[in-house]
Amino acid sequence: MLVKTANFLLSASDFKQCKPSTIPEYAFIGRSNVGKSTLINMLCNNSKLAHTSATPGKTRLINFFLINNNWHLIDLPGYGFAKIGKKLREGFSTLIVDYCTGRKNLKCLFVLIDSRLELQSIDKEFMEWCSEHNIPFSVVLTKSDKLSKSELAKNKKQIESSLSELWEELPNIFITSGDKKTGKEELLDFIEYLNQK
Ligand code: GDP
């Protein structure tokens, strides 16, 4: 699929602001700094669409984009550390929970994971939580350009083996690099396939 148009629609700070829709929706999520904005910008051929974060964890909004006039791309807040009062705590915000459980037209949630790291406990917890709530998700490994081919293959295997402790059938895993623009076609073709289902 080619992305011909990508238009910003709205930012929501509360799930109530997310108007119900029947347009297929695809959301991107991950720990702060995982490369989510860079990936979204790569998919949409627009280096300024999603704002790359100077301060990790700063964005607390859901951003809606309309792609090719027929599907929504959703930029979810990063998970990891939420400020509860004066303390920082690991967790998922109410906004993330409300969106992921309440959005009927959500076709797939793309969970971004840094290809250089082993699977972090918060990523595991999040995916387990998705499974428990029947939220369809795929895994996207980011920043693959930072690894050699053999390191990447080794890390992918490790991540797969961690995932297989949780599920018999592995989720889809996409390998991407926002810097080298790899994995774009595979992701967009997968979205096109789901759009037609
Ligand atoms: P976000 O917080 O998840 O939206 O992450 P950003 O897209 O803002 O990226 C965080 C940092 O990682 C920035 O310094 C990016 O330039 C860098 N980065 C993101 N994607 C890639 C990638 O594919 N390759 C490399 N080498 N760096 C990346």
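Select Leu109 in this predicted model. Leaving aside residues up to four places away in sequence, Leu109 touches Ala27, Ile29, Leu76, Cys100, Phe126, Cys130, Ile135, Pro136, Phe137 and Ser138.

Now widen the selection to the core. Leu109 is among the residues with the most contacts inside the largest nonpolar core, which has 31 residues. Ile62, Leu76, Tyr99, Cys100, Phe126 and Met127 are also named in that group. Colour the elements that give two or more residues to this core: strand 2 (25-30), strand 3 (62-67), helix 2 (94-102), strand 7 (106-114), helix 3 (121-132), strand 8 (137-142) and helix 4 (149-164). Helix 3 gives the most, with five residues. A second core, separate from this one, has 26 residues, including Val3, Leu43, Ile191 and Leu194. In soluble globular proteins, nonpolar side chains tend to be buried together.

Next, show the strands as a cartoon. Seven of them form an open sheet with mixed pairing, in the order 1-3-4-2-7-8-9. Go to its edges: strand 1 and strand 9 (173-175) each pair on one side only. Averaged over the sheet, and with direction ignored, neighbouring strands are turned by 25° against each other. At the strand 9 end, strand 8 and strand 9 run parallel and are joined by three bridges. To find one, select Val139, whose bridge partner in strand 9 is Ile173.

Add helix 5 (184-196). Helix 5 lies across strand 2, strand 4, strand 7, strand 8 and strand 9, and runs at about 160° to strand 7.

Then select helix 1, residues 36-43. How many of its eight residues are buried? Seven are, so to speak of helix 1 as mostly covered is fair. The buried ones are Lys36, Ser37, Leu39, Ile40, Asn41, Met42 and Leu43. Their cover includes strand 2, strand 4 (71-75), strand 7, strand 8 and helix 5. Step just past the end of helix 1 to Asn45, which takes a positive phi of about 50°.

Turn to the aromatic rings. The whole structure holds 11 aromatic pairs. Show Phe8 and Phe65: their ring centres are 5.7 Å apart and their planes meet at 65°, so this pair is edge-to-face. Phe8 sits in strand 1 (residues 6-12) and Phe65 in strand 3, 57 residues apart, and the pair links these distant parts of the chain. Which of the two is buried, and which partly exposed? Phe65 counts as buried at 2% relative accessibility, whereas Phe8 is partly exposed with a relative accessible area of 46%.

Compare Phe28 and Phe110. With ring centres 4.9 Å apart and planes at 20°, this pair is stacked. Phe28 lies in strand 2 and Phe110 in strand 7, so the pair ties together parts 82 residues apart in sequence. Both residues are buried. Extend the selection to Phe174, Phe190 and Tyr193, which ring pairs link with Phe28 and Phe110 into a cluster.

Finish at Asn68, in the loop between strand 3 and strand 4. What does the side chain of Asn68 reach at 2.8 Å? It is the backbone oxygen of Leu2. A polar atom of the Asn68 side chain also lies 2.6 Å from the backbone nitrogen of Lys4. Not counting residues up to four places away in sequence, Asn68 touches Met1, Leu2, Val3, Lys4 and Thr5.

Technical notes
Residues are numbered from 1 along each chain as its sequence is written. This is a predicted model: local features need pLDDT of at least 70, side-chain atom pairs count only at pLDDT 80 or more; totals for chains, interfaces and linings use all residues. Side-chain values use heavy atoms; hydrogens and water are left out. A nonpolar core is a set of buried Ala, Val, Leu, Ile, Met, Phe, Trp, Tyr and Cys residues joined through side-chain atoms within 4.5 Å. Buried means under 20% relative accessible area, exposed over 50%, partly exposed in between (1.4 Å probe, protein chains only). Helices (H or I, at least four residues) and strands (E, at least two) are DSSP runs, numbered from the N terminus. Contact means heavy atoms within 4.5 Å. Rings of Phe, Tyr and Trp (its six-membered ring) pair if their centres lie within 6.5 Å; planes under 30 degrees apart count as stacked, over 60 as edge-to-face and the rest as tilted. A polar contact is a pair of N or O atoms within 3.5 Å; within protein, one must be able to donate a hydrogen and the other to accept it, and residues adjacent in sequence count only if both atoms are side-chain atoms. Two strands pair if DSSP finds at least two bridges between them. Axes are lines fitted to C-alpha atoms, for helices over the stretch in contact, and angles run from 0 to 180 degrees between N-to-C directions.
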